[in-house]
Amino acid sequence: MSHYLLIDHIDKKFTRGSHETEVLKDVTLGIEQGEYVSIIGHSGCGKTTLLNIVAGLTPVSRGGVILENREVNEPGPDRAVVFQNHSLLPWLTVYGNVKLAVDKVFSASKSRAERHAWTMHNLDLVQMGHAKDKRPAEISGGMKQRVGLARALAMQPKVLLLDEPFGALDALTRAHLQDSVMAIHEKLGNTVLMITHDVDEAVLLSDRIVMMTNGPAACIGEVLDVSLARPRKRLTLAGDAEYLKCRKRVLEFLYERHRFVEAA
Amino acid sequence: MHGLIRIKASKMNMSVRETKTAEPLASASAKILALAPRRANFTTRVFARAGAIAMRLVPPVVVIALVLLLWEFLCRKSGATLPPPSRVVKDTWELIVDPFFDRGGIDKGLFWHLSASLQRVAFGYALASVAGVALGTLVGQSVWAMRGLDPIFQVLRTVPPLAWLPLSLAAFRDGQPSAIFVIFITAIWPIIINTAVGIRNIPQDYRNVAAVLRLNHFEFFVKIMVPAAAPYIFTGLRIGIGLSWLAIVAAEMLTGGVGIGFFIWDAWNSSHISEIILALVYVGLIGFMLDRMVAAIANIVTRGTAAN
Ligand SMILES: Nc1ncnc2c1ncn2[C@@H]1O[C@H](COP(=O)(O)OP(=O)(O)OP(=O)(O)O)[C@@H](O)[C@H]1O
Ligand SMILES: [Mg+2]
């Protein structure tokens, strides 16, 4: 059986001098096209490391990543990342940040006018068209994450990698952005791999939740299918039995079976 | 500079308002009443702004006046070795009023001396900027280059500018390129070192963005490296221009020819102390302007980069 994206028996060790830390051990995960998969786990267990491996930003120690039956081991726009801390270039405007990606990815396939239109289209998709001439320093944290998302979406990636995209936001802004992401996923059918440490967010957004054990040598502890119908509405779900069951399951995993150990 | 622009803007406002008031005057009187308080408000604003400008101008003017007075008082007495300011102005009045005369050789107005010096600085500094940013990028980007070059740079940068002069005279056998070389070698170190620090400090995030987009080396240099390191690069450029101007005067004293450095040396040899003082004032003012110029360019270019 072949998956759209396959993370295949990955080990990751960081070595500094003679000191070696094993961060990931034997991580295997298959993701289908159009699927929304979340990775949840305690801080420092290696979520970002795993995402960076899929993105090609971090080399593996063993194993490999296979996308559409081809091994990928270097970064590329087919696996666009929305980084944990937005990573917008401060000297470019909102428009400039997205346009940089559009110009690079579609330099051959789109004309100038098309690239402009595509940039604006993606900014409008995340409701940031109105602020296109602002610089990152002049917009709020939530807006920055929207622009980061627009930049990633504009690359038309095969897989969208989100590293705690809403982590640094207040609850209301986060809810708003989650709704945006759900709507965009509904509309475009992207394949998404998202890191989170928020249980509600994981259940609300995902088709599957991957729960990671604590490091060192973290691995996948459990995978939970979330069989909630889409489109999902946070208010109606709040009392939904399946929703509560999934939520309980993740909480149990995180806080009973794999409680955060300070020594780890 | 900021203040000047503001004044211009408010003057423009005023003329716009005046044309506006002229029209309703003919039609309805009620509207004039409505406008009257805004005009009053406007005049108070002008006074406030003029006051703010005066607050900034008065202290330096007062201090300069006091220093001149003290100097005048100290050097007026017979037996003083230096001329008082009144003497300086009297002695050098011809040079002040006519900076453009040209009687051939090195008997030229101050404008020509200063512009000759500025040209040398411009040449040497431009070369140093290009080479400094390029070498700084290399050292900042490659660990190998840093390990190899950094020790050499650290030693060479402590060599005083003028110590290079005999060597460059031996190599170039001419004053002009030697002076330019001295400027180059003086200005290049802070540019290299600051550029390297700037490049090394580029956040990993930006490198990740570039990697995901698969920017090639040239695109990475132009679109990420230069803007990200710009604040550092400009710090180096600003230190560099100051050092260049310091070095040119000394270098020209030794190489001779037209130039403010040799002008000062020549004045000393003919005991025209007043001319030396006048030249120093010009050297100071131009050094100040050069520094401000690079700072202004830095402000424009790094707009937004420093923030965040
Ligand atoms: N470049 C590196 N060199 C050495 N160790 C590293 C490196 N990057 C990460 N680590 C280690 O790997 C472990 C996992 O880090 P990672 O950033 O993947 O955690 P995370 O799950 O994303 O945490 P958080 O939820 O806080 O973002 C940590 O213990 C960290 O110290
Ligand atoms: Mg992380």
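## A ligand site and a shared interface

Let's start at the ligand: in this predicted model, an N or O atom in the side chain of A:T49 sits 2.5 Å from an oxygen atom of ligand 1. The side chain of A:Q84 also takes part, with an N or O atom 3.2 Å from an oxygen atom of ligand 1. From A:G46 the partner is a backbone N or O atom, 3.0 Å from an oxygen atom of the ligand. Ligand 1 exposes 640 Å² when taken alone, and the protein buries 59% of that area.

Now look at the whole shell around ligand 1. A run from A:S43 to A:T49 belongs to it, together with A:F14, A:V23, A:Q84 and A:E164. By character, the shell residues are three nonpolar, six polar and two charged. Helix α1 of chain A, residues 47-55, gives the most to this shell, with three residues.

Next, turn to the place where the two chains meet. Chain A brings 24 residues to the contact and chain B brings 20. Together they bury about 1900 Å², with carbon and sulfur atoms giving 67% of it. One salt bridge is found across this interface: the side chains of A:K104 and B:E219 meet there, 2.9 Å from N to O. Five residue pairs are in polar contact across the interface.

On the chain B side, the elements that give two or more residues are α9 (204-213) and α10 (217-255). The largest share, seven residues, comes from α9(B). This side of chain B divides into ten nonpolar, five polar and five charged residues.

Terms used
Residues numbered from 1 in each chain as written. Chains lettered and ligands numbered in written order. Predicted model: local features only at pLDDT ≥ 70, side-chain atom pairs only at ≥ 80, totals over all residues. Heavy atoms only, no water. Near = heavy atom within 4 Å. Polar contact = N/O pair within 3.5 Å; in protein donor to acceptor, adjacent residues only side chain to side chain. Areas by Shrake-Rupley, 256 points an atom, 1.4 Å probe, with all protein chains shown as cover. Helix = DSSP H or I, 4+ residues; strand = E, 2+ residues; numbered from the N terminus. Nonpolar A, V, L, I, M, F, W, Y, C, P; charged D, E, K, R; others polar. Contact = heavy atoms within 4.5 Å. Buried area = accessible area lost by both parts, 1.4 Å probe. Salt bridge = Lys/Arg side-chain N within 4 Å of Asp/Glu carboxyl O.
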